[in-house]
Amino acid sequence: MVVVDAMEKTAGVRVLQTELNDSPGVCLKLYGPLADIQMAMQAAQETAHRMGVAVVTDVIPGPSPLSRAAYEAQPDMSPLIEQPTVQYPEETMNDQDQSPFARRGSD
C-alpha cells in the first residue's frame, strides 16, 4: 500500500488491477500517460528501496488492445488464502474516472 500511495501521489496513474503472486508479492498493473507511468515506476523503486523491499518493475508502452488477454488476469479464488488473488480497484471506488480498460459484460 505504501508503494501504491507513493506512485499515485507522484504521477497521474491509476491501478488497473492487482494480482497476488507466489513471490510472495503483488503485481500492480497501472494505466496512464507513459511519462506518468515512468515517474510512478521510479517512485515505486525509490520507496521500496527505502523500505528494504525488493521490487521488479517493467513498462509496456502503449499495449495493443488485442494484448489485453495476455496482461489482464481473470478473477479467481485461492482456497489457500481464502480470498481472490485478482482485484479490480476501479470497480469498487466511487467518484473515480472510468478506466479505459474497464471490463465489459461480454469481454
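# A tour of the sheet and the helix contact

Seven bridges connect strand 1 (residues 14-21) with strand 2 (residues 25-31), and the two strands run antiparallel. Select these two strands to begin. The model on display is a predicted one.

**First stop: across strands 1 and 2**

With both strands selected, show the residues that face one another. Leu20 stands opposite Val26 in strand 2. Glu19 has Cys27 of strand 2 opposite it. Strands of a sheet pair through backbone hydrogen bonds, in either a parallel or an antiparallel manner; showing the backbone atoms may therefore help at this stop.

**Second stop: the other side of strand 1**

Next, add strand 5, which covers residues 86-87. Two bridges join strand 5 to strand 1, and these strands run antiparallel. Which strands make up the open sheet, and in what order? Three strands form it, in the order 2-1-5, with antiparallel pairing. Strand 2 and strand 5 are the edge strands, as each of them pairs on one side only.

**Third stop: Thr18**

Now select Thr18, a residue of strand 1. Its bridge partner in strand 5 is Gln87. Is Thr18 buried or exposed? Thr18 is buried, because its relative accessible area is 16%, and buried means under 20%. To see what surrounds Thr18, select its contacts beyond the neighbours within four places in sequence: Val26, Cys27, Leu28, Thr85, Val86, Gln87 and Pro89. Of these contacts, Val26, Cys27 and Leu28 fall within strand 2, residues 25-31, while Val86 and Gln87 belong to strand 5, residues 86-87.

**Fourth stop: helix 1 against helix 2**

Leave the sheet and select helix 1 (residues 2-10) together with helix 2 (residues 34-51). The axes of these helices come within 8 Å and cross at roughly 145°. Helix 1 passes helix 2 in a right-handed crossing. Which residues make the contact? On helix 1 they are Val2, Val3, Ala6, Met7 and Thr10, and on helix 2 they are Met39, Ala40, Ala43, Ala44, Thr47, Ala48 and Met51. Coloured by character, the residues of this contact divide into ten nonpolar, two polar and no charged.

**Fifth stop: Ala48**

Within helix 2, select Ala48. Ala48 is buried, because its relative accessible area is 1%, and the cut-off for buried is under 20%. Leaving out residues up to four places away in sequence, Ala48 touches Val3, Val53 and Val55. A distance label can then be drawn to Ala6: Ala48 and Ala6 are 42 residues apart in sequence and 9.8 Å apart in space, C-alpha to C-alpha.

**Sixth stop: Thr10 and Gln38**

Move to Thr10 in helix 1. Thr10 counts as partly exposed, because its relative accessibility is 41%, which lies between the 20% limit for buried and the 50% limit for exposed. Which residues does Thr10 touch, not counting those up to four places away in sequence? They are Met39 and Ala43. Thr10 and Met41 are 31 residues apart along the chain, and their C-alpha atoms are separated by 9.6 Å.

Then select Gln38, which lies in helix 2. Gln38 also counts as partly exposed, at 42% relative accessibility. From Gln38, draw a line to Val13: the two are 25 residues apart in sequence and 9.8 Å apart in space, C-alpha to C-alpha.

**Last stop: the whole chain**

Finally, display the entire chain and colour it by secondary structure. The chain contains four helices and five strands, and along the sequence these follow the pattern α-β-β-α-α-β-β-β-α. How many of the 107 residues are buried, as a percentage? Buried residues make up 28%. Among contacts between residues at least 6 apart in sequence, 52% join residues at least 24 apart. With the surface switched on, the chain exposes about 7600 Å², of which carbon and sulfur atoms supply 55%.

Technical notes
Residues are numbered from 1 along each chain as its sequence is written. This is a predicted model: local features need pLDDT of at least 70, side-chain atom pairs count only at pLDDT 80 or more; totals for chains, interfaces and linings use all residues. Side-chain values use heavy atoms; hydrogens and water are left out. Axes are lines fitted to C-alpha atoms, for helices over the stretch in contact, and angles run from 0 to 180 degrees between N-to-C directions. A crossing is left-handed if the near helix is turned anticlockwise from the far one by less than a right angle, and right-handed if clockwise. Contact means heavy atoms within 4.5 Å. Ala, Val, Leu, Ile, Met, Phe, Trp, Tyr, Cys and Pro count as nonpolar, Asp, Glu, Lys and Arg as charged, and the others, Gly among them, as polar. Buried means under 20% relative accessible area, exposed over 50%, partly exposed in between (1.4 Å probe, protein chains only). Accessible areas come from the Shrake-Rupley method with a 1.4 Å probe; for residues, only the protein chains shown count as cover. Two strands pair if DSSP finds at least two bridges between them.
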